[in-house]
Amino acid sequence: MSTTTASAAPATRPAPATPVKKRDTRRRRRLSQWGFIAPAVVFMLLFFGYPLVRNVVMSFQDFSPSTFFDGKSPFNGTDNWSKVFHDDLFGKALWHTIVFTIGSLIGQFGIGLALAVFFTKRFPLNGFLRSLILLPWLVPMVVSGIVWRRILDQDTGVLNSFLDTLGLGGHTPWLTSPGMALFSVIMVNIWIGIPFNMVILYGGLQEIPKELYEAASLDGASAWRTFRSITLPLLKPVITVVLVLGFMSTVKILDLILALTDGGPADSTQTLGTLTYQNSFVQLDFGAGAVVGNILILISAVFAVFYLRANRSEGK
Amino acid sequence: MTAARRRAVIPLTVVSVLVASAALAGCGSQRDDDVYTVLNSSTDDSYHGWDAATLKRCSARLGITIEQQSVPASQVMTKSLRMASSKSLPDVIQFDASEMPTFAEAGGLVDLKSLGLSTQDIPKGIVDFGSYKGTYYGAARTVNTLALFYNKDVLKKAGLAVPTTWAEMQETAKKLTRGKQYGIALSAGGAEDGVFQFTPFMWSNGGDETDLDSKQVADALDYWKGLLKDGSLSKSTVNWTQADVNDQFMAGNAAMMINGPWQVETLNTKKSLHWGIAQIPVPRAGDDSVGPLGGAVLTVPRTDDTAREKTAAKIIGCMSSEKEQITYARNSWMVPANEKAAAVWRKEVPELDALADQVATARSRTAKVGAGWSSVSLALQSAFQSALTGQNSADALKKAQARATSGN
């Protein structure tokens, strides 16, 4: 270790005669740099690296309840993978995950952006209303799920009786029809996601210099033109961050669906998240659960790369 | 400057070592020699209290300290498995009886008879309930099953008798459906609750969990579909747990319901509600009403510490003694497992007689398929949900049988 640093240093920097003391200082500085990084590295390896690698390995193993006793988890090649891919439920869950993620993102982002733009205007009670909209964010996911399950109950739910008094039917099978349940679950998730989108986008809007809007209005630009040519382009970095973060939290949805429908009726709201849960913790087939989990990680990783790139260009 | 840096390096390295060792230390905790632990799912305030009182009495009787550790019911299995791999298993685990075979099959349980527990005075059905492949691993304190609960006032006002056959139940339910009130409520949710509720219909009709695509099972499912079609059963039933069903019954939204004795505590909080209880109606007059046997069993996990395992068996012996069974049954409204205790209990609560009768013929879910029950259960819940939301019963069940067999 010491020899490499000592010999490498003069090679890279052709300083004539490095005094021993100076070399020593540099070595010490590098050591202290590593000292600062070490806790983070250890933490990452232990709590992110190890489980990640373990999960990948587990997806190629026969990991059953008896493994916990005898420690034996023989490798079974791609058995778990082919089992998962041959399961009808996997295709269904994948499709539901795609619909759920795209639907939720469009709704959350669209409404969040509209509200953020709305709140940039000055009007009485602005601050109060803004904090009121934050409420869904404060409620734990499972609690929202349970409350919404009651609201959406076909017979005794508040929503249907409200629609009924308006004369708009009132017998909508929100969570009880396989054709409708996924849509309802998406609606609830949009409701939950709006505050996050709104807050981040609102913050981004504050960063846009007011002079640009003044100039636009002097030029006689319409509201839509101002939005398209000033707001959107300047908000782009924030939009990328919001969408990527939103994507990653939406794609692995589990708690909300368990609380609302338990994946039913008739598996119409099963997603990759619930499938992982069902494989691992209901059927105790940890190998198959790991396969679905890995697929989820892979999908998230692709978008994490987008996020990192967006962040980097923002930092420039 | 350099000295300051050097000073910084040492604490940081220490921190990372500490983080690492703390993380690893979490993996294996040492057991205390004088303290025995019982792991159960009594997270509910009242159940936790009842168990704490029982364990206090048993601690005094056996001269040891017994501690209770409660986790949510859905986590008992995974927690136990984790504890097994870190060699930190508790001395007694209370499993739901449908989960016990999985742990037994993995080699995690000790034969209770070899530890000196006897099955004297316990009916064969309940011994089987706590057994896997002929070995007695789990002692039940009390057992439960499903029954038909009905609103006495509503039935009396309509001048209707309590139904005993499927046809009568369908007719009564139809007559009692008016306004906001449905004739009957049951749970057909996409979890074990729904499957538990379907079993009495499947079994009383001669159906079997090993043959899901038989005509008997399809007919049972068609019976449920019929109730839905009549409008006597709410369409929300596919989204209801058993607790939801109880809420509907208590709110007056259902005149009858299929449910279990664990709801009685809640039912009794509404003084204006006069409820009665009857056996679940059968397909044809004279058939046996076969309900599912439910409840938890006390097991001794394999820790290879014979002395401790023997004491653990003594703890189970105390917890499931006649006296403790009656106390527990009085609290929880479930039926004592021991015949003698059950007789005493029957005298005390004659209104729950129907339940005790239903227990006598009740069947265990895992007796035939053992650790394969979770696959059967998942396939079955998907099938009846498909059928109740429009698909043909026979088609849905055919798919379920294929799925249960493949283990997917």
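In this predicted model, the end C-alpha atoms of residues 93-120 of chain A are 40 Å apart, and this span is 100% helix and 0% strand. Residues 31-53 of chain A are likewise 100% helix and 0% strand, with 29 Å between the end C-alpha atoms. Both spans appear in the UniProt record, an unreviewed entry, which places the feature "transmembrane region" at residues 31-53, 93-120, 132-151, 180-202, 238-261 and 281-308 of chain A.

Chain B offers a sheet to explore. Its 5 strands form an open sheet with mixed pairing, in the order E2-E1-E3-E12-E6. Strand E2 (65-70) and strand E6 (138-140) of chain B are at the edges; each has a single partner strand, so one side of each is left without a neighbour in the sheet. On average, neighbouring strands of this sheet are turned by 25 degrees against each other, direction ignored. Helix H2 (residues 45-62) of chain B packs on the sheet, where it touches strand E1 (35-40), E2 and strand E3 (92-96) of chain B. The direction of H2 makes about 160 degrees with that of E2(B). At the other edge, E6(B) runs antiparallel to strand E12 (residues 296-299) of chain B, and 3 bridges join the two. Within this pairing, Ala140(B) has Val297(B) in E12(B) as its bridge partner.

Charged side chains add further links. Side chains of opposite charge can pair when their charged atoms come close. Over all chains, the structure holds 21 salt bridges. One of them joins Glu324(B) to Arg57(B), with the closest N and O atoms 2.7 Å apart. Because Glu324(B) lies in helix H13 (residues 322-332) and Arg57(B) in helix H2 of chain B, the pair ties together parts that are 267 residues apart in sequence. Glu324(B) is buried, since its relative accessible area is 8%, whereas Arg57(B) is partly exposed at 38%.

Helix H13 of chain B takes part in another such link. Arg330(B) forms a salt bridge with Glu348(B), the closest N and O atoms being 2.8 Å apart. This pair connects H13 with helix H14 (residues 339-348) of chain B, and the two residues are 18 residues apart. Arg330(B) is partly exposed at 44% relative accessible area, and Glu348(B) is partly exposed at 36%.

From H14, a further salt bridge runs between Arg346(B) and Asp357(B), with 2.7 Å between the closest N and O atoms. Asp357(B) belongs to helix H15 (residues 353-361) of chain B, and lies 11 residues from Arg346(B) in helix H14. Asp357(B) is partly exposed at 32% relative accessibility, as is Arg346(B) at 30%. Finally, salt bridges with shared partners join Asp208(B), Glu209(B), Arg363(B) and Lys368(B) into one network.

Definitions and conventions
Residues numbered from 1 in each chain as written. Chains lettered and ligands numbered in written order. Predicted model: local features only at pLDDT ≥ 70, side-chain atom pairs only at ≥ 80, totals over all residues. Heavy atoms only, no water. Pairing = 2+ DSSP bridges. Helix = DSSP H or I, 4+ residues; strand = E, 2+ residues; numbered from the N terminus. Axes fitted to C-alpha atoms, helices over the stretch in contact; angles between N-to-C directions. Contact = heavy atoms within 4.5 Å. UniProt positions renumbered as here; feature names shortened; annotations may be inferred. Salt bridge = Lys/Arg side-chain N within 4 Å of Asp/Glu carboxyl O. Buried < 20%, exposed > 50% of the residue type's maximum accessible area, 1.4 Å probe, protein only.
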